[in-house]
Amino acid sequence: MQTSGKTAFECTKCGACCVAPDIAALDKPLGLRCPHLGDDMLCRAYESRPAVCRSYEPDQLCKEIEAPTIEERVAKYLAHFQLEDEAERMKATGLTSRAAVHAAMKAK
Ligand code: SF4
């Protein structure tokens with residue numbers, strides 16, 4: 001469907017946008033799963049989710065990263081933004097707080 005020059009995309013409920021990006025409002029580092037994301041790929045904090053989640057709109061990337069598993073979708077999402085290495089470095093810290101991860105990486 002075309003709307004005012006922009007193509008509208010449906011959310012595929014794939015969960016990748018709740019795992020791949022760095023989300024400051026949730027203190028969630030790049031590449032780590034949001035603790036509110038359920039196994040069904042739906043938000044368990046839907047009514048109280050932060051504004052950044054409320055305003056997120058599906059786009060062409062949602063189609064581009066389609067894959068059978070969440071791991072594959074997240075990998076494709078990170079690759080799209082060339083963030084695979086950074087996500088690996090953050091994961092290697094073993095920290096789950098965005099602020100702590102950034103502080104640890106800055107100290108290196
Ligand atoms: S709060 Fe909900 S919508 Fe936002 S990243 Fe977490 S699971 Fe996704």
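Let's start at the end of a helix: right after α3 comes Gln-82, with a positive phi near 55°. Helices here are DSSP runs of H or I of at least four residues, strands are E runs of at least two, and both are numbered from the N terminus. Most residues other than glycine have a negative phi, and Gln-82 is not a glycine. Gln-82 sits in the loop between α3 and α4, and it counts as exposed because just 8 other C-beta atoms lie within 10 Å. The cut-offs behind that word: buried takes 20 or more other C-beta atoms within 10 Å of a residue's own, exposed 12 or fewer, and partly exposed is what lies in between, with C-beta atoms placed from the backbone.

Before going on, a word on what you are looking at. This is a predicted model, in which local features need pLDDT of at least 70 and side-chain atom pairs count only at pLDDT 80 or more, while totals for chains, interfaces and linings use all residues. Residues are numbered from 1 along each chain as its sequence is written. As for pLDDT, it is the predictor's confidence in each residue, from 0 to 100. The chain averages 92, and 94% of the residues score at least 70. Confidence peaks in α3, at 98, and bottoms out in strand β1 (residues 2–3), at a mean of 38. Over residues 1–5 pLDDT stays under 50, and the model has three contacts beyond four places in sequence for that stretch; a contact is a pair of C-beta atoms, placed from the backbone, within 7 Å. Where pLDDT is low, the predicted coordinates should not be read in detail.

Now step back to the whole chain. From the N terminus on, the elements run β-β-α-α-α-α-α, and the C-alpha trace spans about 50 × 30 × 25 Å along its principal axes. Of the 108 residues, 19% count as buried. Among contacts between residues at least 6 apart in sequence, 58% join residues at least 24 apart.

Back to α3, then. Its buried residues include Arg-73, Val-74, Tyr-77 and Leu-78. These cover an arc of only 130° around the axis, so they lie on the same side of α3; the arc is that of the directions from the helix axis to the C-beta atoms. What covers the buried residues of α3 includes α4.

That leads to the largest nonpolar core, which has 14 residues, with Ala-16, Val-19, Ala-20, Val-74, Tyr-77 and Leu-78 making the most contacts inside it. Such a core is a set of buried Ala, Val, Leu, Ile, Met, Phe, Trp, Tyr and Cys residues joined through C-beta atoms within 7 Å. Both α3 (70–80) and α4 (84–92) supply at least two residues each, and the largest share, three residues, comes from α3. Not counting residues up to four places away in sequence, Val-19 touches Arg-33, Cys-34, Leu-37, Ile-70 and Val-74.

Cys-34 and Leu-37 turn up again around the ligand, among residues that also include Cys-18, His-36, Cys-43 and Cys-53. Membership of that shell requires a C-beta atom, placed from the backbone, within 6 Å of the molecule.

Finally, there is Asp-27, in the loop between β2 (6–7) and α1 (51–55). Asp-27 also has a positive phi, of about 55°, and is partly exposed, with 13 other C-beta atoms within 10 Å.

Definitions and conventions: Two residues are in contact if their C-beta atoms, placed from the backbone, lie within 7 Å.
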